[in-house]
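The following paragraphs lead the reader through one structure, from its surface and overall make-up to its strands, cores, disulfides and backbone torsions. The sequence and the coordinates should be kept in view throughout.

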Amino acid sequence: MRRYNGRSGGGRLVWALVALLWPGVVLGQTPVRPANETIGSWTLSCPASQSEPCTLRASDWIWPVEAGGLSAALEVQRRGAELVPVIAVRGLSSAMMVGGIAAVKPTVTLGFDGGGAFVLRCGMTGGFLACGPDAAVLSAISAALPTAQTAAVEVSLSLPTGSVALPRAVTLRLSNTAEALGRLRAAGASGETLPAHPGLDLWGLGSKVMRDLGFARGP
């Protein structure tokens, strides 16, 4: 006569439930990251390589990609442990990238829900212009982003004659931002590890690098 082993039967039941509710644990799989996923007013894009970070961008462009390749968008990037809004301008010419901030002369502000605008600091990073909050207001902007319904952006750049001009003022409607931020954090956000020097933000870091390369006054 076969004897009933309660522990064995219970163990099989537990593992069956685990397999049903969390198949990644049993199969050793890494959760699949979306190539492109729309979350409210946001678009989450992830490279196929798990080692490369994902990008979260407002679906409505500040300046859409044109034939010349220039674009501007509200993105979310990591700054230390915070997820913060960043105005990213991509597709700048090689000459403008080499010329840096002095060539582009960016002036960028960002405000939420009709409130006061924050002046963003800009720096060339990863082959594009990134304008984000400095250390003094980083936490305040990070805290305001998840519940914001609108983002007012003003951008001014000095571009070569004949280049398309970015609009000075755009209001973007935001929705499902908290959910999008959670998905980005789980998938892996691109960004910067804040330097250990107190008060040294992305702009300050860029200036320090330029000075170390021999440019006395930085970018």
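Accessible areas here come from the Shrake-Rupley method with a 1.4 Å probe. On that basis the protein chain exposes about 12,500 Å², and carbon and sulfur atoms supply 58% of this area. The model is a predicted one, and the values given below should be read accordingly. Of the 219 residues in the protein chain, 37% count as buried. The secondary structure of the chain consists of seven helices and 11 strands. As for the reach of its contacts, among those between residues at least 6 apart in sequence, 53% join residues at least 24 apart.

A convenient entry point is the pairing of strands. Strand E2, residues 42–45, is joined by four bridges to strand E3, residues 55–58, and the two run antiparallel. Within this pair, Thr43 has Arg57 in E3 as its bridge partner. E3 also pairs with strand E4, residues 71–79; here two bridges make the connection, and the strands again run antiparallel. Arg57 takes part in this second pairing too, for it stands opposite Glu75 in E4. Arg57 may thus serve as a point of reference when following the strands, with Thr43 as its partner and Glu75 opposite.

The interior comes next. The largest nonpolar core holds 43 residues, and Trp42, Ile87 and Leu129 are those with the most contacts inside it. Helix H6, residues 177–187, contributes four residues to this core, which is the largest share. Another core lies apart from it and has six residues, including Val86, Ala88, Phe128 and Ala130.

Which residues of H6 are buried? They are Thr177, Ala180, Leu181, Leu184 and Ala187. Viewed down the axis of H6, these buried residues fall within an arc of 130 degrees, and they therefore line one face of the helix. The other side of H6 has the exposed residues Arg185 and Ala186. The cover over the buried residues of H6 includes E2, E3 and E4, together with strand E1 (36–39) and strand E5 (82–90). The strands whose pairing was traced above are thus among the elements that cover the buried residues of this helix.

A search of the whole structure finds two disulfides. With the bonded cysteines counted along the chain, they follow the pattern 1-2, 3-4. One of the disulfides is formed by Cys46 and Cys54, whose sulfur atoms are 2.1 Å apart. The torsion about the S-S bond of Cys46 and Cys54 is about 110 degrees, so this disulfide is right-handed. Is Cys46 buried or exposed? The cut-off for buried is under 20% relative accessible area; Cys46 has 8% relative accessibility and therefore counts as buried. Cys54, at 0% relative accessibility, counts as buried as well.

Cys122 and Cys131 form a disulfide with their sulfur atoms 2.0 Å apart. The link of Cys122 and Cys131 has 110 degrees about the S-S bond and is right-handed. Cys122 counts as buried because its relative accessibility is 4%, and Cys131 counts as buried because its value is 0%.

The backbone torsions complete the description. Most residues other than glycine have a negative phi. Lys105 is not a glycine, yet its phi is positive, about 50 degrees. Lys105 is found in the loop between helix H4 (101–104) and strand E6 (107–112). With a relative accessible area of 53%, Lys105 is exposed, since the cut-off for exposed is over 50%.

Asn176 is a further residue other than glycine with a positive phi, near 55 degrees in its case. The place of Asn176 is in the loop between strand E10 (169–173) and H6. Asn176 has 42% relative accessibility and so counts as partly exposed. Just after H6, Gly188 takes a positive phi of about 110 degrees. The walk thus returns to H6, the helix that gives the largest share of the 43-residue core.

Conventions: Residues numbered from 1 in each chain as written. Predicted model: local features only at pLDDT ≥ 70, side-chain atom pairs only at ≥ 80, totals over all residues. Heavy atoms only, no water. Pairing = 2+ DSSP bridges. Core = buried A, V, L, I, M, F, W, Y, C linked by side-chain atoms within 4.5 Å. Buried < 20%, exposed > 50% of the residue type's maximum accessible area, 1.4 Å probe, protein only. Contact = heavy atoms within 4.5 Å. Disulfide = S-S within 2.5 Å. Arc of directions from axis to C-beta.
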